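Trainee: I am new to this structure and would like the reasoning behind the words used for it. Can we go through some of them?

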Amino acid sequence: MNPAHLERLRAWMEERGFPRFFVARPENFAWLTGGANTLGMGEAVAYLEVGEEVVLHTSRIEHPRMAEEEAPGLAVRVHPWTAFLPPPAPNDLEHDLTPLRLVLSPKAQEDFLRLGREAAEEVLLGLGGEDQAQLAGALAEALWGRGIRPLLLLVAGEERLFRHRHPLPKDRPLGRAFMAVVCAERGGLVANLTRMAAFGHKEVEGRYREVLEVERVALERSRPGATLGEVFAALEEAYARLGHPGAWEEHHQGGVGGYRSREVLALPGHPLALRVGMALAWNPSLPGAKVEDTFLLREGGLENLTEDSRWPQVVVGGRARPDLWRG
């Protein structure tokens, strides 16, 4: 269990007069335990009962795996697999716990930094294969080799870069430019990063410089006390200044990360104020280019959790950012 996160949940329960509360959503289960309560298909195979003690509820199929590997040390109640019902009320299926998750505990921050660094390293090592599907397979193998689950892998080669923002890998050539997008999960935390390569493709190179400039504005505005809406407005202005007004409508621009790829998306006028301990992942994009890393907002500024100094870098606004891979 994460003691800081559990204490935060208990305080929330006390405010609402809940002597007990049931936690079933995967992001909340992982936030509290660091373990997974699904088999990767969305269906919960366990839930937590938080009262004077924390009790793990699961089916006979999943016990003792859940008790040994995902939520060790908890009291366990085992249900017949024929009668493993949804959790009673009150539960997190009817009460949104997202605000409780947004500021990460010191332990979660340490885990996130380790995840981000390892995921970025494996993306570099996983650059293999001759087509888009093979590249995705090499990335998945590299990530799983470090115990990191590729929650999402997107790969686009030259002929798809300008058409699709969410390019699922296909059995097609990479060509003179390609993009790899990774959502890497371990212990419930999700690190997001995008890497691009170009081999003499001038249009991709020009578009990539533009999205780096849009991102620069977002990163500079990402300070404690700033709202998501204020950062979004700065992004919108940056697109227009570069000659792409309305480009923000073609894809979401990112927001606060953590136990989901995006816990809260930035929207026009969104009132959420940024706080120290939040994770941020902006992903400005244009047809043919996207940039993305996961950052932790600290007292002294942003720390890039998914930085890999071995990847070619370019300095933008005084900050090292991933350059295009040129082989």
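Trainee: What makes helix H2 largely enclosed by the rest of the structure?

Mentor: This is a predicted model, and the burial in it is computed. Buried means under 20% relative accessible area. Seven of the eight residues of H2, residues 26–33, are buried, so the helix is largely enclosed.

Trainee: Which residues of H2 are buried?

Mentor: They are Glu27, Asn28, Phe29, Ala30, Trp31, Leu32 and Thr33.

Trainee: What do the buried residues of H2 pack against?

Mentor: Contact means heavy atoms within 4.5 Å. The partners are three helices and three strands by name: H1 (3–16), H3 (65–70) and H4 (98–101), together with S1 (21–23), S2 (46–50) and S3 (54–59).

Trainee: What follows H2?

Mentor: Gly34 does, with a positive phi near 80°.

Trainee: How many helices and strands does the chain have?

Mentor: Its secondary structure comes to eight helices and 16 strands.

Trainee: Why is the chain called as compact as a globular protein of its length?

Mentor: The globule rule gives 20 Å for 327 residues, and the radius of gyration is 21 Å, close to that value, so the description holds. Along its principal axes, the C-alpha trace spans about 60 × 45 × 30 Å.

Trainee: How much of the chain is buried?

Mentor: Under the cut-off used for H2, 54% of the 327 residues count as buried.

Trainee: What share of the contacts with a separation of 6 or more comes from residues 24 or more positions apart?

Mentor: Such residues account for 60% of those contacts.

Terms used. Residues numbered from 1 in each chain as written. Predicted model: local features only at pLDDT ≥ 70, side-chain atom pairs only at ≥ 80, totals over all residues. Heavy atoms only, no water. Helix = DSSP H or I, 4+ residues; strand = E, 2+ residues; numbered from the N terminus. Rg over C-alpha atoms; globule rule 2.2 N^0.38 Å. Buried < 20%, exposed > 50% of the residue type's maximum accessible area, 1.4 Å probe, protein only.
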